[in-house]
Amino acid sequence: MLESAAPEFSAGDEVIVIGFDLGMGTAGGFGERIRVPAGWVVPRPEGLSLRASMALGTAGFTAAECVDKLERMGGLSPAQGPVLVTGATGGVGSVAVMLLSQLGYEVVAVTGKAEKGEWLKGLGASEVLSREALAEGAGKPLLAERYAGAVDTVGGELLFNAVKSLRYGGSLAACGLVASPAIPATVLPFILRHVNLLGIDSVQWPLAEKKRLWGRLAKEWQLPALETLVEPLSLETLSDALDRILAGEMVGRGLLIHSAAA
Ligand SMILES: NC(=O)c1ccc[n+]([C@@H]2O[C@H](COP(=O)([O-])OP(=O)(O)OC[C@H]3O[C@@H](n4cnc5c(N)ncnc54)[C@H](OP(=O)(O)O)[C@@H]3O)[C@@H](O)[C@H]2O)c1
């Protein structure tokens with residue numbers, strides 16, 4: 001931090017800002033110097049470097065938020081069975097695979113990139129499914145009970161096929177809409193299988209909750225292999241990386257490093 005008009009912060013503090021209006025109505029997501037309200041700012045917790053915090057970024061944080069909510073509200077634990085992750089090679093998905101695997105879960109990763117199967121296994125997935133395989137049975141009211149939990153980053157038909165494949169009482173955390181914001185749903189999995197659909201928002205989630213979760217990511221949820229997901233970017237290579245993201249070709253996390261910080 002270069003300067004602060006808020007009494008709780010001082011020049012030289014190391015801090016993390018994600019969500020709220022940053023990068024949306026308030027420019028600065030890629031800025032070299034930005035000014036933000038103090039109410040958006042989390043002090044960097046000990047145990048998490050600034051680089052690791054941004055290697056996680058909003059996507060990694062959101063993956064952790066999904067796992068946190070699945071465990072706290074869905075009662076999920078590794079003993080209950082496999083956990084499905086969709087959009088697995090993406091920013092949220094790849095961190096979800098790594099975190100769940102590190103926590104002892106059996107992870108089934110869904111991807112549209114068949115050539116990334118071994119990469120996903122390297123992150124800790126025990127099985128890799130194609131999007132087409134998860135989309136099978138879309139017309140059926142229910143599918144075989146397979147997963148104790150799911151992290152869905154894509155929405156649409158895949159989200160609801162995952163809901164229909166949850167074991168009795170299982171939960172799915174929905175955070176994304178890469179495929180579609182619409183869900184072709186019936187109430188049947190909810191009233192016959194007691195399953196839960198959990199909503200995930202990292203943007204307006206209260207600062208106190210953000211501090212709590214960054215604290216977990218600095219301690220018991222620290223990811224020693226996080227750097228394997230990182231592609232370093234500069235302002236010069238950013239535009240190309242954004243094109244690859246829009247074309248669905250990006251894998252893992254792009255980390256923008258400003259020359260002053262390099
Ligand atoms: N709720 C929140 O607070 C929050 C926070 C962060 C992100 N998000 C949302 O979460 C989603 C994922 O974000 P991200 O940062 O992980 O994005 P990303 O890095 O672009 O990854 C998205 C992944 O989705 C898969 N995919 C792409 N097109 C698809 C399609 N048509 N159908 C099914 N899968 C497709 C791809 O993985 P595979 O090739 O491996 O299938 C892709 O790598 C986005 O919708 C984003 O807006 C929400």
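I began with the surroundings of the ligand and noted that α1 gives the largest share of the shell around it, 3 residues. I keep in mind throughout that this is a predicted model.

I then asked which elements supply at least two residues of that shell, and found α1 (50-72), α2 (91-102) and β4 (107-111). In total I find 26 residues surrounding the ligand, and the closest are Thr89, Val92, Thr111, Lys113 and Ser202. Sorted by class, the shell comprises 12 nonpolar, 11 polar and 3 charged residues.

Next I looked up the polar contacts. For threonine 111 I find a polar side-chain atom 2.6 Å from an oxygen atom of the ligand, and for lysine 113 a polar side-chain atom at 2.8 Å from an oxygen atom of the ligand. At leucine 177 the partner belongs to the backbone, where a polar atom is 3.1 Å from an oxygen atom of the ligand. I also looked up how much of the ligand is covered: taken alone, the ligand exposes 920 Å², of which the protein buries 77%.

Last, I turned to the two helices, α1 and α2, that each supply at least two residues of the shell. How do α1 and α2 pack, at what angle and how far apart are their axes? I read an angle of about 50°, with the axes 8 Å apart. I therefore enter α1 as oblique to α2, since an angle counts as oblique when it is neither under 35 degrees, nor over 145, nor within 65 to 115. For the handedness of the crossing of α1 and α2, my entry is right-handed.

Notes: Residues numbered from 1 in each chain as written. Predicted model: local features only at pLDDT ≥ 70, side-chain atom pairs only at ≥ 80, totals over all residues. Heavy atoms only, no water. Near = heavy atom within 4 Å. Polar contact = N/O pair within 3.5 Å; in protein donor to acceptor, adjacent residues only side chain to side chain. Areas by Shrake-Rupley, 256 points an atom, 1.4 Å probe, with all protein chains shown as cover. Helix = DSSP H or I, 4+ residues; strand = E, 2+ residues; numbered from the N terminus. Nonpolar A, V, L, I, M, F, W, Y, C, P; charged D, E, K, R; others polar. Axes fitted to C-alpha atoms, helices over the stretch in contact; angles between N-to-C directions. Left-handed = near helix turned anticlockwise from the far one by under 90°.
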